[in-house]
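Please open the model in your viewer and keep the selection tool at hand. The stops below suggest what to select next and say what is found there.

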Amino acid sequence: MNARTRAAATLLAPFFLLFTAVMVVPIGYAVWLSLFTEKQSGLGFGGAETVFSGLDNYTAALGDRAFREGFGVLLGYCLFYIPPLLAGALGLALLLDSALARARRFFQLALFLPHAVPGIIAALIWVYLYTPQLSPVVRAMEAGGVGFDFFSPSGALPSIVNIALWEWLGYNMVIFYAALQAVDRSVLEAATVDGAGAWRVAFSIKVPLIRASIVMVGLFTLIGSLQLFTEPLILEKGTGSAVTSTWTPNMYAYTAAFDRNDYGLAAAASVLLALTAALLSFAVTRLTGRGTRRTRTAARRAPATRTADGRTRRTRRKEKTA
Amino acid sequence: MSRTRNRRSRTTRAIAVTAAATALAVLTACGGGDGAAEGSADQPVTLTFWGWAKGTKDVVDAFNASHENIQVTFEEIPSGTAGGYAKISNAVKAGNAPDLVSIEYASLPEFVSSGALQDIGDEFTELDRGKLLPQAVELTTLGGKSWAVPFDAAPQAFYYRKDLFAKYRIDVPKTWDEFKTAAEKVKKADPEVRIATFFPDDPTTFEAMVWQAGAQWFKAEDDTWKIDTTDPDTTRVAAYWQGLLDADLVHKDASFTPEWTGSLKNGTTIGYLGASWGAGVLKGTLPEQSGKWAVAPMPHWGSPASGMLGGTSFAVTKDSKKKAAAVEFAEWMSTTEAGVKARIASGTSSAFPAATALRPVAKSSFDASYYGGQDIYALFEEAGASINGTWAWGPSTGTTNTTIKDQFGRLGKGGPSIADAVKAGHDATVAELTRRGLKVEG
């Protein structure tokens with residue numbers, strides 16, 4: 001082994017060690033657990049024995065309507081959450097990036113601030129704001145003639161989406177804003193000189209240029225949405241709301257393990273959720289990846305409009321000036 | 001007092017739940033090496049004990065101060081359904097459980113059937129059992145074996161605002177019919193005010209009502225669980241509460257949340273259908289309303305009866321090597337004057353001891369000035385004697401109650417009815433027992 005390989009091995013070792021300890025082993029253990037179940041006999045007071053049950057836990061989870069409905073809730077959540085999140089964050093970032101914006105730093109900070117509040121605390125604050133007898137918001141709404149029960153079966157999803165938007169809008173706005181800052185100003189100037197108005201610059205130049213960021217944020221949000229847990233759990237435990245203990249697949253696994261003592265079922269449900277997440281991310285990266293490639297090829301064909309990567313452009317300009 | 005949902009609000013407990021979930025792997029290691037069960041003054045046996053009931057710390061301190069052979073380390077955990085049970089099961093699974101744990105009667109069969117506990121019959125003798133309320137002993141005897149030392153009985157009780165009942169000219173209802181009439185009167189007197197609260201988050205309150213009415217959901221016969229939730233008593237209670245909800249005669253708030261306590265504080269809720277331990281909870285939650293509350297027996301269906309709402313027992317975990325010492329400590333908490341006194345003198349607990357002879361001790365230790373000096377223990381005594389002895393808990397309370405709670409949360413227009421919720425709980429229970437390989441009919 002030469003010095004280089006040794007160095008590489010030494011530097012990589014901590015990563016792989018931790019990766020094995022906190023990722024591979026627990027996942028393996030979960031898969032292992034999911035293949036067993038506890039069986040009892042008679043009245044059950046003789047204790048339980050753990051028996052190999054093959055894929056029984058998987059069929060039990062998939063056969064449980066509550067588990068399947070959890071995915072339905074996730075779908076609804078993604079539909080109601082991701083588009084407004086992306087549109088809102090992008091809109092705010094474009095506003096901040098536009099020439100009109102004043103007090104940029106202040107708004108950047110103010111909008112980002114909710115994200116600094118831990119999810120649990122955010123959920124607790126919102127539960128307070130949703131609770132009929134306590135909330136000034138609900139009182140004001142009722143005074144204005146708009147009665148809305150945030151805890152009702154139809155109100156639960158909007159309530160959760162609202163908390164998530166509040167938490168994540170500013171964060172994603174900052175990502176988009178940072179990407180917009182990296183856009184080469186000369187491109188924008190050129191567009192303005194060519195007669196493009198502010199809208200045109202925003203939607204035909206800026207947005208396509210930060211496409212990669214949008215895709216990334218979309219993907220992360222999608223994966224994050226599948227893990228939906230904290231906010232609905234607080235709504236479930238802390239109120240008499242319509243959020244059930246199996247509202248999302250993650251909560252289903254949690255309830256199976258800790259309320260029902262069924263670790264096998266919980267493990268199977270978790271593995272199924274993880275598989276869904278893996279498949280979805282694969283699909284999303286594949287789809288958007290193809291899209292990006294297409295843009296790149298188009299860009300190569302027409303070098304004058306090559307704008308997909310601001311940095312390349314800037315270096316090239318530097319070369320020119322040199 | 002068990003299930004003491006204390007001043008800590010539901011929301012704080014929600015944090016605890018989540019924290020318990022995340023802290024899964026970091027459960028404190030307990031038990032450990034010092035093998036002998038019988039300690040000596042030089043080498044005392046050290047026990048670890050998990051619980052959440054009010055006043056427990058005072059009890060442990062008093063025990064440690066008066067015992068040389070056994071020393072107890074107490075760790076407070078979230079109350080059972082708020083994460084405490086999850087913590088206990090996980091610790092048992094991980095092999096680092098404490099020696100002694102608090103478990104409510106409703107959850108005991110589930111812990112026994114998951115194999116988390118050990119039979120304490122050889123230490124917890126007939127003599128000791130004889131000191132305790134038979135109904136409570138019955139609930140801790142499963143499959144002919146003794147699994148836990150009962151601590152308290154939790155007969156139901158109706159707490160009400162004496163001053164506001166007088167203001168609205170309402171007589172304290174003795175039966176459920178009178179209760180409904182009173183509820184109507186209250187609403188009429190002030191459209192904002194309700195006589196009591198339906199707790200959608202807490203099926204055990206509803207189950208206590210069903211128990212009181214004479215239902216018996218779980219029956220262990222021969223080797224088979226017989227589950228029946230469509231009996232006339234359950235049906236009657238479900239229809240009664242559905243009626244109260246439909247007519248908007250009671251509030252619907254989650255129990256022990258800021259929502260609920262807020263409505264008690266501002267007088268828009270003037271009664272609380274609870275149990276003996278609730279006396280301490282009210283006192284701790286609403287100290288400013290001292291002197292305004294009184295206690296009445298639970299309204300009944302014709303002749304006085306009571307269900308049990310909560311109630312704690314102490315059980316020894318399966319891997320503990322200190323069973324003798326653990327049972328000794330548990331018995332001290334449950335059956336000795338010093339043990340009961342220490343808990344109730346803490347001021348926060350209104351536990352109604354399962355040990356019949358110790359009730360005068362509890363009574364004299366509890367400062368009843370909050371209830372205008374009312375003899376609340378005499379009332380608990382009567383209610384305790386009227387507890388229906390037929391009720392038993394099934395081995396999957398977690399599944400049963402979680403399912404009912406989920407449905408209760410969706411009660412209302414377009415949602416399920418109380419009867420639907422009970423049926424869902426029934427079906428989920430049967431499915432769960434079948435899945436575990438138990439024999440079940442129902």
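Which residue stands opposite B:Tyr160 in E14(B)? Select both strands and look across the pair: the residue opposite B:Tyr160 is B:Ala294.

Before going further, note that this is a predicted model, in which local features need pLDDT of at least 70 and side-chain atom pairs count only at pLDDT 80 or more, while totals for chains, interfaces and linings use all residues. Residues are numbered from 1 along each chain as its sequence is written, and chains are lettered from A and ligands numbered from 1 in the order in which they are written.

**First stop: the sheet around E8 of chain B**

Keep E8(B) and E14(B) selected; they pair in the antiparallel sense over four bridges, where two strands pair if DSSP finds at least two bridges between them. Helices (H or I, at least four residues) and strands (E, at least two) are DSSP runs, numbered from the N terminus. Now add strand E13 (271–275) of chain B, and the three strands appear as an open sheet in the order E13-E8-E14, with antiparallel pairing. E13 and E14 of chain B are the edge strands, each pairing on one side only. On average, neighbouring strands of this sheet are turned by 30° against each other, direction ignored. Next select H12(B), which lies across E8, E13 and E14 of chain B and runs at about 135° to E13(B); axes are lines fitted to C-alpha atoms, for helices over the stretch in contact, and angles run from 0 to 180 degrees between N-to-C directions.

**Second stop: helix H16 of chain B**

Select residues 376–385 of chain B, which form helix H16, and colour its buried residues B:Ile376, B:Tyr377, B:Leu379, B:Phe380, B:Ala383 and B:Gly384. A residue is buried if 20 or more other C-beta atoms lie within 10 Å of its own, exposed if 12 or fewer, and partly exposed in between, with C-beta atoms placed from the backbone. These buried residues cover an arc of only 155° around the axis, so they are on the same side of H16(B); the arc is that of the directions from the helix axis to the C-beta atoms. Among the elements that they pack against are strand E8 (156–161), helix H12 (278–285) and strand E14 (293–296) of chain B, and contact here requires that the C-beta atoms of two residues, placed from the backbone, lie within 7 Å.

**Third stop: strand E3 of chain B**

Move to residues 100–104 of chain B, strand E3, which is largely enclosed by the rest of the structure because five of its five residues are buried. In a regular strand the side chains alternate between the two faces of the sheet. Both faces of E3(B) are covered, with B:Leu100, B:Ser102 and B:Glu104 buried on one side and B:Val101 and B:Ile103 buried on the other. Add strand E1 (residues 45–51) of chain B, which pairs with E3(B) in the parallel sense over two bridges, and find B:Phe49 opposite B:Leu100. Then add strand E15 (residues 312–316) of chain B, which runs antiparallel to E3(B) and is joined to it by five bridges; here B:Ile103 stands opposite B:Ser313.

**Fourth stop: two loop residues**

Select B:Arg169, in the loop between helix H7 (162–167) and helix H8 (176–189) of chain B. Its phi is near 55°, a positive value in a residue other than glycine, and B:Arg169 is exposed, with 8 other C-beta atoms within 10 Å. Then select B:Phe256, in the loop between strand E12 (251–252) and helix H11 (258–265) of chain B. Phi of B:Phe256 is also positive, near 60°, but B:Phe256 counts as buried, with 24 C-beta neighbours inside 10 Å.

**Last stop: where chain A touches chain B**

Finally, show both chains: 37 residues of chain A are in contact with 45 residues of chain B. Among the elements that give two or more residues to the side of chain A that touches chain B are strand E1 (36–39) and helix H11 (230–238) of chain A. H11(A) gives the most to this side, with five residues.
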